[in-house]
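Here is a short report on one protein model. It starts from a single residue and works outward to the fold.

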Amino acid sequence: AQSKIEIIMTGPLMAYAADQLKARFIVHELWKEQDRAAALAAVKDRVRGVAGGGAHVRIDDALFDALPKLEVVSNFGVGYDNVDAVAAGKRGIIVTNTPDVLTDEVADLAIGLLLSTVRQLPQVDRYLRAGKWLQGAYPLTTSLRKRKIGIVGLGRIGKAVARRLEAFDVPIAYHGRSRQADVAYRYYPSLVEMAQDVDTLVSVAPGGESTYHIINAEVLKALGPNGIVVNVGRGTVIDEQALIEALKAKTILSAGLDVFEDEPRVPAELIAMDHIVLLPHVGSASVHTREQMGQLLVDNLVSWFDGKGPLTPVAETPWTKA
Ligand code: NDP
């Protein structure tokens with residue numbers, strides 16, 4: 001029999017995916033090692049693949065230097081700001097992610113978070129449980145009615161959010177680096193100008209340098225005192241300190257956040273604000289969708305080592321479909 005190919009797992013993966021990897025490959029569970037450098041050195045001449053679980057470990061030149069036989073990095077998640085895909089590309093290392101299989105789930109969550117923030121659903125639930133209904137009705141909230149939505153990053157998930165929002169009869173605009181050919185929503189090349197014209201931002205933009213802090217103090221000011229910011233993309237897209245200041249000074253109304261700059265650490269100032277809604281990065285976190293993502297992570301590695309190429313290579317990866 002052919003000897004098994006060796007791979008590294010950089011972080012924990014659900015058993016659904018991990019068990020398939022262990023059946024097919026020899027798997028080294030890197031995050032369990034006390035001395036990571038020594039663990040890497042021991043397998044450096046054999047490891048040909050990496051399965052990236054979560055953003056626990058940066059996958060960059062340091063890891064590529066340590067693994068000279070590395071051919072492929074299969075990332076768990078569509079966002080891969082934890083992977084230096086450009087550096088990988090320069091070495092001819094393939095990087096794959098898990099697009100599409102999570103799009104609807106994350107879009108559903110974005111709508112849920114938007115409505116939860118606007119109508120204060122977690123706060124209203126807490127009110128009832130605290131027995132306060134017996135003393136009187138919950139104060140009236142703001143509304144999605146008459147709101148204008150600006151989507152930051154109208155990609156796969158952004159478009160799925162927009163499609164859902166069409167059913168809510170709210171005007172939709174978007175900002176990104178380029179106009180999307182297949183939609184009729186109003187396009188703003190300038191994020192500040194969009195923020196001036198709308199009162200609700202829904203960010204589904206990826207992380208990384210090009211989106212770092214693009215939702216800054218100026219954008220928040222332009223959004224105005226009725227402004228709501230929802231973020232299901234990446235925490236680094238928002239200047240979190242500027243958001244805290246704007247919320248404290250009430251220069252915007254509220255925020256609904258699924259992602260943060262330094263996860264899993266969430267600033268105490270945000271936690272202390274009772275009127276905003278905070279979720280622990282659960283956008284794709286259903287059994288159904290996490291299994292689909294795990295399967296695609298496994299399938300990318302299997303396809304690569306079967307000589308059939310990667311299934312879902314990222315944009316920076318040196319691979320063109322035959
Ligand atoms: P896509 O690549 O399909 O969409 C990304 C969009 O962002 C594109 O429309 C792109 O448009 C825009 N964009 C990229 N760079 C910039 C920039 N510098 N300024 C403004 N807009 C930009 O990705 P998906 O829709 O599949 O996923 C989006 C992101 O959602 C992921 O990268 C991930 O970070 C996040 N995510 C979060 C989850 C959660 O659990 N909360 C779950 C899954 C994903 P253009 O190129 O024209 O600028």
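Leu154 is buried, because 25 other C-beta atoms lie within 10 Å and 20 are enough for that label. The model is a predicted one. Leu154 sits in the loop between E6 and helix H7 (156-166). Leaving out residues up to four places away in sequence, Leu154 touches Lys159, Ala162, Tyr174, Gly176, Gln180 and Val183. The last of these, Val183, is 29 residues apart from Leu154 along the chain, and their C-alpha atoms are separated by 9.6 Å.

**Two more residues**

Leu296 belongs to helix H12. Leu296 is buried, with 22 C-beta neighbours inside 10 Å. Its contacts, neighbours within four places in sequence aside, are Thr98, Val101, Leu311 and Thr312. Val101 is 195 residues apart from Leu296 along the chain, yet 8.3 Å separates the two C-alpha atoms.

Pro267 is in the loop between strand E11 (254-257) and helix H11 (268-272). Is Pro267 buried or partly exposed? Pro267 is partly exposed, since 15 other C-beta atoms lie within 10 Å, and the buried class begins at 20. Pro267 touches Glu240 and Ile244, not counting residues up to four places away in sequence.

The table lists C-alpha separations for the three residues.

| Pair | Distance along the chain | C-alpha separation |
|---|---|---|
| Leu154 and Val183 | 29 residues | 9.6 Å |
| Leu296 and Val101 | 195 residues | 8.3 Å |
| Pro267 and Gly227 | 40 residues | 21 Å |

**The five-stranded sheet**

Five strands form an open sheet in the order E2-E1-E3-E4-E5, and their pairing is parallel. Why does one side of E2 and of E5 lack a neighbour in the sheet? Strand E2 (26-29) and strand E5 (94-96) are at the edges and have a single partner strand each, so one side of each stays without a neighbour there. On average, neighbouring strands of this sheet are turned by 20° against each other, direction ignored.

Strand E1 (residues 6-9) runs parallel to E2, and four bridges join them. Within E1 and E2, Ile8 stands opposite His28. Helix H12 (residues 287-305) lies across E1, strand E3 (47-52), strand E4 (72-75) and E5. The helix runs at about 165° to E4. Leu296 is part of this helix.

**Strands E6, E9 and E10**

Strand E6 (residues 149-152) pairs with E9 in the parallel sense, over four bridges. Val152 has Ser203 in E9 as its bridge partner. E9 also runs parallel to strand E10 (residues 228-231), again with four bridges. Here Thr200 has Ile228 in E10 as its bridge partner. Between E9 and E10 the chain crosses through helix H9 (residues 217-223), and this β-α-β crossover is right-handed.

In a regular strand, side chains alternate between the two faces of the sheet. Strand E9 (residues 200-203) can be read residue by residue. Thr200 and Val202 point one way, while Leu201 and Ser203 point the other way. All four are buried.

**The nonpolar core**

In soluble globular proteins, nonpolar side chains tend to be buried together. The largest nonpolar core of this model has 83 residues. Which residues have the most contacts inside the core? They are Ala110 and Ile151. Helix H5 (residues 103-119) gives the core its largest share, seven residues.

Ile151 touches Gly158, Val161, Ala162, Ile172, Tyr174, Val202 and Val204, not counting residues up to four places away in sequence. Among these, Val202 is a residue of E9. Ala162 and Tyr174 are also touched by Leu154.

**The whole chain**

The protein has twelve helices and twelve strands. Its radius of gyration is 22 Å, close to the 20 Å of the globule rule for 322 residues, so the protein is as compact as a globular protein of that length. Along the principal axes, the C-alpha atoms fill a box of roughly 70 × 45 × 30 Å. Of the 322 residues, 40% are buried. Among contacts between residues at least 6 apart in sequence, 63% join residues at least 24 apart.

Methods: Residues numbered from 1 in each chain as written. Predicted model: local features only at pLDDT ≥ 70, side-chain atom pairs only at ≥ 80, totals over all residues. Pairing = 2+ DSSP bridges. Helix = DSSP H or I, 4+ residues; strand = E, 2+ residues; numbered from the N terminus. Axes fitted to C-alpha atoms, helices over the stretch in contact; angles between N-to-C directions. Contact = placed C-beta atoms within 7 Å. Buried ≥ 20, exposed ≤ 12 C-beta atoms within 10 Å, placed from the backbone. Right-handed = clockwise from strand over helix to strand, strands pointing away. Rg over C-alpha atoms; globule rule 2.2 N^0.38 Å. Core = buried A, V, L, I, M, F, W, Y, C linked by C-beta atoms within 7 Å.
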